[in-house]
There are 2 protein chains.
Amino acid sequence: MAEKRKPRKSVSRLEITAAALQIIDNQGLEALSMRRLAEALSVFPTALYWYFPARNDILEAVAQHVMAGIAPASDLAWQPWLRTFAANLRAAIVRHPNVAPLIGGQLVSNAAGDLEVIEGLLGALSRAGLTGEELVQGYNMVMGALVGFVTQEFARPPEAADPSLRDRVTELARRADPLRHPLLTQNAEALLGRSFVLRWQNGQHQPMGKAYDRLIDSLIAGLEAGRP
Amino acid sequence: MAEKRKPRKSVSRLEITAAALQIIDNQGLEALSMRRLAEALSVFPTALYWYFPARNDILEAVAQHVMAGIAPASDLAWQPWLRTFAANLRAAIVRHPNVAPLIGGQLVSNAAGDLEVIEGLLGALSRAGLTGEELVQGYNMVMGALVGFVTQEFARPPEAADPSLRDRVTELARRADPLRHPLLTQNAEALLGRSFVLRWQNGQHQPMGKAYDRLIDSLIAGLEAGRP
DNA sequence: ACCTGAACACCGTTCAAGT
DNA sequence: ACCTGAACACCGTTCAAGT
């Protein structure tokens, strides 16, 4: 390509969102700058400001796009509804792991701003027997725990597989004293690289689906115990 | 041992970390630039690179500093240990809410890189009857759910109390159709501003301690149900 | 309506030089 | 050992101008 400028390119909110998602998928969240995004669209950086007031609004649109359509059918019994919702939520992040920090980290794009998700979760909890104030607390418990977990599971890695993080984590574990930290010492092999604080890769390379399933079981157990 | 000539401006890792935390507390996470931090310490920006290899490492030090010492005494029964740990974790974030995105969002500073926390949690779960692979999954469940929840609760607000977010959220709720979204419509008053997706302030102004308590109850219920 | 183009006020980081 | 100073390669955003 000798010429990288085309005469005049037309663009749209959806095209911008899709191009932004592609950059985030391929190069990570911090690679998305207005200038690079504009170049990918063969447009001047300032043209983007006609469609979005600021970079943050593009990120919000990306987050909503990734989270769209995760609400299960509303005729499911409440336990299967919760399990399906949890699975859909995690699957959406698995498809686009680099957007994970956007979901939980920023208030604007907190979870899916989707009426079907809200109503669906309220419906499931309502079928579980919750009403009024209990319904609100149950909603926040489930949403906070599930979105929070996957956000953490797919937390942003340092920078392109930093080998020093692995060294630092193994060094941290090596400092464990068998007398003061017996369980850590005994289970070091099973924990290293596979558990929070002691890992150097995120859920893309070390998935935590089993712990996530246990969390859903616990939430359901808690809801069953809490009803009249 | 170098000769101790009186330096004009001397600084240390701890001083840098403390000054960084102060800026984050007062002006928010995005206000922390190397240049501003250096100015607060009356030093040239590049001086900081003698103590930290990069900005990210300063953020990691801040996160660890905030999370230091949250492990409860290890002689507690497992349920009180979990409740105290959860309370200490949230209290640490309440003291420094602006660092919340650092805790869950970045792999390097995922939760507290603290051996006492790891050993303590393993001990509590072990006293709850978990061993081997179950112990690892339980550890990840509790850590991911609790850290994830508070990270979400104190997610970064858009920018200095953006009033348009409030408008957008109320507008979203207004679009709820009483026929298709009956529960959302009926509970709109209780949900608006107080629940995920439908709020415009984070936990600093709208705490979600009750939902957090319910989450801990559920985790304990799940652990009790899951043991032999 | 939609985009270009220049400009402003910032960034993190590297490298050489000073002491 | 510890800091200054200049420089590089970037940023997001504003505003005026073009069509």
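Which helix gives the most to the surface near DNA strand C? In this predicted model, that is helix H2 of chain B, residues 34-40, with three residues.

**Around the DNA**

Let's stay with strand C for a bit. There are 22 residues surrounding DNA strand C, and both protein chains show up among the closest: Phe44(A), Trp50(A) and Tyr51(A) from one, Arg35(B) and Thr46(B) from the other. Sorted by character, the surface near DNA strand C comes out as 10 nonpolar, four polar and eight charged residues. If you look at it from the DNA side, 58% of the strand C atoms within 4 Å of the protein belong to sugar or phosphate, and the rest belong to bases.

Three polar contacts with strand C are worth pulling up in your viewer:

| Protein side | DNA strand C side | Distance |
|---|---|---|
| Val11(A), polar backbone atom | phosphate oxygen | 3.2 Å |
| Thr46(A), side-chain N or O atom | base oxygen | 3.1 Å |
| Met34(B), backbone N or O atom | phosphate oxygen | 2.9 Å |

So to speak, the table mixes two kinds of partner on the DNA. Val11(A) uses a backbone atom to approach a phosphate oxygen, and Met34(B) also brings a backbone N or O atom to a phosphate oxygen. Thr46(A), in contrast, has a side-chain atom 3.1 Å from a base oxygen.

**Chain A as a whole**

Now for the overall build. Chain A has 11 helices and zero strands, and reading along its sequence you get α-α-α-α-α-α-α-α-α-α-α. Its C-alpha trace spans about 65 × 50 × 25 Å along the principal axes. Of the 228 residues in chain A, 54% are buried. If you take the chain A contacts with a separation of 6 or more, 68% of them join residues 24 or more positions apart.

**Two residues in chain A**

Met34(A) sits in helix H2 of chain A, residues 34-40. Is Met34(A) buried or exposed? Its relative accessible area is 11%, so Met34(A) is buried. Setting aside neighbours within four places in sequence, its contacts are Pro45(A), Leu48(A), Tyr49(A), Arg55(A) and Ile58(A). Val136(A) is another matter: Met34(A) and Val136(A) are 102 residues apart in sequence, and their C-alpha atoms are 39 Å apart in space.

His96(A) is in a loop, the one between helix H4 (78-95) and helix H5 (100-105) of chain A. It counts as buried because its relative accessibility is 17%, which is under the 20% cut-off. Apart from residues up to four places away in sequence, His96(A) touches Leu21(A), Asp25(A) and Val66(A).

**Ser42, in both chains**

Most residues other than glycine have a negative phi. Ser42(A) goes the other way, with phi near 55°, and Ser42(B) has a positive phi of about 55° as well. Where do you find them? Ser42(A) is in the loop between H2 and helix H3 (55-67) of chain A, and Ser42(B) is in the loop between H2 and helix H3 (55-67) of chain B. With a relative accessible area of 42%, Ser42(B) is partly exposed.

**Ile70 in chain B**

Ile70(B) belongs to the loop between H3 and helix H4 (78-95) of chain B. Its relative accessibility is 3%, so Ile70(B) counts as buried. Leaving out residues up to four places away in sequence, Ile70(B) touches Phe85(B), Asn88(B), Leu89(B), Ala92(B) and Val117(B). Glu116(B) is 46 residues away along the chain, and its C-alpha atom is separated from that of Ile70(B) by 8.7 Å.

**The cavity**

Rolling a probe the size of a water molecule over the atoms shows where empty space is left. How many cavities of 30 Å³ or more does a search of the whole structure find? The search finds one, and the largest cavity holds about 40 Å³ of space. Its lining is made of Leu82(B), Val142(B), Leu146(B), Ile216(B), Leu219(B) and Ile220(B). By type, that lining splits into six nonpolar, no polar and no charged residues. Helix H7 (132-153) and helix H11 (209-226) of chain B each supply at least two of the lining residues, and H11(B) gives the most, with three.

Methods
Residues are numbered from 1 along each chain as its sequence is written. Chains are lettered from A and ligands numbered from 1 in the order in which they are written. This is a predicted model: local features need pLDDT of at least 70, side-chain atom pairs count only at pLDDT 80 or more; totals for chains, interfaces and linings use all residues. Side-chain values use heavy atoms; hydrogens and water are left out. A residue is near a molecule or strand if one of its heavy atoms lies within 4 Å of it. A polar contact is a pair of N or O atoms within 3.5 Å; within protein, one must be able to donate a hydrogen and the other to accept it, and residues adjacent in sequence count only if both atoms are side-chain atoms. Helices (H or I, at least four residues) and strands (E, at least two) are DSSP runs, numbered from the N terminus. Ala, Val, Leu, Ile, Met, Phe, Trp, Tyr, Cys and Pro count as nonpolar, Asp, Glu, Lys and Arg as charged, and the others, Gly among them, as polar. On a 1 Å grid over the protein atoms alone, a cavity is a set of points where a 1.4 Å probe fits but cannot get out, and a pocket is an open set with protein on both sides within 12 Å along at least five of seven lines; lining residues have an atom within 4 Å of a point. Grid points are joined across faces, edges and corners, and a volume is the space filled by probe spheres set on the points. Buried means under 20% relative accessible area, exposed over 50%, partly exposed in between (1.4 Å probe, protein chains only). Contact means heavy atoms within 4.5 Å.
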